[in-house]
Amino acid sequence: MKIFKAFLSLLMLALLIVTALFVDFTYKTFSARPRQVQADAIVVLAGGKGRVEEGVRLFRERRGTWLFLVGVDPTVRKSDLYRPKPGDPPADNVVLEKLSRNTLENAIYGRDILAEHKVRSVLLITSRYHLKRSAILFRNALAPDVALYPYPVDSSNVKEEWWHHLGTFRLLFSEFYKYCIFRVFFMFSPGELRPVSL
């Protein structure tokens, strides 16, 4: 009986800790605001609604010298996503990365492209719910002296009152779970994603 009570107490404590961490995760997710900064490069993680459009808009405003669209479908052409108008930055400064298929690969392939172009500051654009996981992966893939500015894009299917919407809760908890896995991984293996030469 004592063992059962001890197990139940530990289980309740674990649930409380997970709940507190999840609430903190959701609070930080919804309190993130776009940074009004100038960067060497705008990096868009393609795949979510509104991400590419926002990246192109910021590129047209010259908030970054380069526009990297990471995780683009192989069938998509650059002209499908960006056609410069008079006064716009040149299309030569837009780079499509078509090999990566998930967030981890986005960070790895994105890291290599950014290093190749000697980028020292990055405006990282992705959906709000995806922001913390993307940021921790890129932060641990890029060189320590590269400035990273996460930039959230809102999705209509993600509700701030997540406790009233089962779909939003499931999406956020899935992101929280994946974020925690990477957070623990990088605690024990910091810099694992960085090139050996760095």
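**Notebook: a parallel sheet, its helices and some salt bridges**

Entry 1. I began with strand E2 (residues 64-70), where five of the seven residues are buried, so this strand is largely enclosed by the rest of the structure. I note here that I am working from a predicted model. Looking to one side of the strand, I found six bridges joining E1 to E2, and the two run parallel. For a concrete pair I looked up Ala-41, whose bridge partner in E2 is Trp-66. I then followed the chain from E1 through helix H2 (residues 51-60) to E2, and this β-α-β crossover is right-handed.

Entry 2. Next I turned to E3, which E2 joins through four bridges, again with the strands running parallel. In this pairing, Leu-67 stands opposite Val-94 of E3.

Entry 3. I wanted to know in which order the strands form the sheet. There are five of them in an open sheet with parallel pairing, and the order reads E3-E2-E1-E4-E5. Strand E3 (94-97) and strand E5 (147-153) each have a single partner strand, so at these edges one side of each strand is left without a neighbour in the sheet. I also looked up how neighbouring strands are turned against each other, and the average, with direction ignored, is 20°.

Entry 4. I moved on to strand E1 (residues 39-45) and strand E4 (residues 121-127), which run parallel and are joined by four bridges. Within this pairing I picked out Val-43, whose bridge partner in E4 is Leu-124. Helix H5 (residues 131-141) packs on the sheet, where it touches E1, E4 and E5, and its direction makes about 160° with that of E5.

Entry 5. How many of the 11 residues of H5 are buried? I found nine, so I may write that the helix is mostly covered, given that a residue counts as buried under 20% relative accessible area. Among the buried residues of H5 are Leu-131, Ile-136, Leu-137 and Phe-138, but Arg-133 and Asn-140 are also on the list. I then checked what the buried residues of H5 pack against, and I found E1, E4 and E5 together with helix H4 (103-116) and helix H6 (166-188).

Entry 6. I then went through the salt bridges, for which the count comes to 10. The side chains of Asp-24 and Lys-28 meet in one of them, at 3.2 Å from N to O. Both residues lie in helix H1 (residues 2-31), four residues apart, which is about one turn of the helix. Asp-24 is partly exposed, with a relative accessible area of 33%, and Lys-28 is partly exposed too, at 41%.

Entry 7. Another salt bridge links Asp-80 with Arg-77, and their closest N and O atoms are 3.3 Å apart. Here Asp-80 counts as partly exposed at 42% relative accessibility, whereas Arg-77 counts as exposed at 53%.

Entry 8. Is Arg-111, the partner of Asp-112 in a salt bridge, buried or exposed? At 14% relative accessibility Arg-111 counts as buried, while Asp-112, at 36%, counts as partly exposed. The closest N and O atoms of this pair are 2.9 Å apart. Finally, I noted a network in which salt bridges that share partners join Glu-54, Arg-57, Glu-61 and Arg-63.

Terms used:
Residues numbered from 1 in each chain as written. Predicted model: local features only at pLDDT ≥ 70, side-chain atom pairs only at ≥ 80, totals over all residues. Heavy atoms only, no water. Pairing = 2+ DSSP bridges. Axes fitted to C-alpha atoms, helices over the stretch in contact; angles between N-to-C directions. Contact = heavy atoms within 4.5 Å. Buried < 20%, exposed > 50% of the residue type's maximum accessible area, 1.4 Å probe, protein only. Salt bridge = Lys/Arg side-chain N within 4 Å of Asp/Glu carboxyl O. Right-handed = clockwise from strand over helix to strand, strands pointing away.
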